[in-house]
Amino acid sequence: MPDIVPCGSAQRELDAGELLSWFDVHGRDLPWRDAGVSAWQILVSEFMLQQTPVSRVLPIWLEWVARWPTPSATAAAGSADVLRAWGKLGYPRRAKWLHECAVVIAAEHDDVVPDDVATLLALPGIGSYTARAVACFAYRRPVPVVDTNVRRVVARAIDGVAGPGSPAPVRDEAAVAALLPDDDVAPRFSAALMELGALVCTARNPKCGVCPLSSCAWREAGYPASKAPARRVQRYAGTDRQVRGRLLDVLRESDGPVTRAQLDLAWTSDTAQRDRALDSLLVDGLVEQTSQGLFALAGEG
DNA sequence: GTCCTGTTAC
DNA sequence: GTAACGGGAC
C-alpha cells in the first residue's frame, strides 16, 4: 500500500533498497560520516556545509575539530580566532553563530549538543535543516532532513516536476517523512537522498543515465521543463558582500586592530559602498571598534 | 520576500 | 566574463 501524505492523496514510493545500495558504492567517504565523530563535530560540519560545497569545507573542518573538539573548547576560544579559522568559507555570520552555539551548549547544556529538534532550533544559526540534520546524523533520530538536494529529488522522483516549487519546506518534510524507512536505516536513507541530489540528481545536467532509481515520475513524464520563472541571479562581483569579504580579509590577516586608513585600502573604488559595508560588519558584530578608534575582528584581545 | 560569501562551471 | 550554487535571519 502506498504511504499516505498529510493532504490525503496517495504518494509515489521511493525504493529505499535501490537508494541504499547505490549509496554503499558511490557515497563519498566524508570524515564527518565516520563512526565515532561527536555530535558537536557533526554540528560543526553542518554549519560549514550550509551554502558551501564539500570540497571547500573538508580542510577547514579537519583543522577545526582537531583544534576545538568540544563546545567548551570552542567557547573558550576568542571569537576573533574563530573568525580567522573560518577563513574564506564565506558567510562569516555562520562562524559567529557557531561560536555563540558553543557558548550556549557549554553553559546551558552541560557541554552536550541537544538531541531533539525543538531544542536545537532554539540555538543561534540553527534552522530547520541543521536541527534535523544534527538530530538525525548525530543521534539517529528518524526525522526528515530536507535540504535543497532532497527537495529537488522529491520534486522529480515523486512529483514529476523539474524542481521544487515555491518555498514550502514543511510540505517537503511531510513528503520525506512518508518516504523515510521506519527502522534504524533512516539516517543512512537521508544521507543517501542528499548524496543522490548532490552527485546524480543535480540542478543542472542531471546524470539520469546513472540514476539508481527504477521509478522516477519526472523521467516517466518525459523530463518536463520547469514552469517556474527563471530564478533571479545572485551576483557577487561588485556587491556589498564582496566588499565585506575584502574588509574581513584585512582584519583576518592582521594580528591585532588596524587603522581606518588601512581598512580603507581594501576597497577604494566606491567609498560610500565601503563605508556601508563596514557599518554592516559592525552591526553584525563581526567587527568591533576599539577605544582608540581602531578596528578589529569581534572578540580580539 | 531580501540580505548574507566565494568558488567553480560554463 | 558571468552565471550557478545554497541555509538562516530578518
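1. T52 is a buried residue, because its relative accessibility is 6%. Buried here means under 20% relative accessible area, exposed over 50%, and partly exposed in between, with a 1.4 Å probe and protein chains only. This is a predicted model, in which local features need pLDDT of at least 70, side-chain atom pairs count only at pLDDT 80 or more, and totals for chains, interfaces and linings use all residues. Residues are numbered from 1 along each chain as its sequence is written, chains are lettered from A and ligands numbered from 1 in the order in which they are written, and side-chain values use heavy atoms, leaving out hydrogens and water.

2. T52 sits in the loop between α2 (39-49) and α3 (54-67). Helices are DSSP runs of H or I with at least four residues, numbered from the N terminus. The T52 side chain reaches the backbone oxygen of M48 at 3.4 Å. Beyond its neighbours within four places in sequence, T52 is in contact (heavy atoms within 4.5 Å) with V57, L89 and R94.

3. Next, the DNA. There are 22 residues around DNA strand C, and Q51, T130, V233, Q234 and R235 come nearest. Of the strand C atoms that come within 4 Å of the protein, 65% belong to sugar and phosphate. A residue is near the strand if one of its heavy atoms lies within 4 Å of it.

4. A polar backbone atom of Q51 is 2.5 Å from a base nitrogen of DNA strand C. G127 has a polar backbone atom 3.0 Å from a phosphate oxygen of the strand. For Y129, a backbone N or O atom lies 3.1 Å from a phosphate oxygen of strand C.

5. Which helices each supply at least two residues of the surface near DNA strand C? They are α6 (93-108), α8 (128-139) and α9 (148-158).

6. Chain A is divided into domain 1 (30-139), domain 2 (148-220) and domain 3 (240-297). These bounds come from an automatic or database domain assignment. The C-alpha centres of domain 1 and domain 2 lie 25 Å apart. Their contact takes 6 residues from domain 1 and 6 residues from domain 2.

7. Domain 1 and domain 2 bury about 520 Å² between them, with 56% of it on carbon and sulfur atoms. In domain 1, R33, C136 and F137 lose the most area to domain 2, together 68% of what that side buries. Buried area is the accessible area (1.4 Å probe) that two parts lose on being put together, summed over both.

Conventions: Polar contact = N/O pair within 3.5 Å; in protein donor to acceptor, adjacent residues only side chain to side chain.
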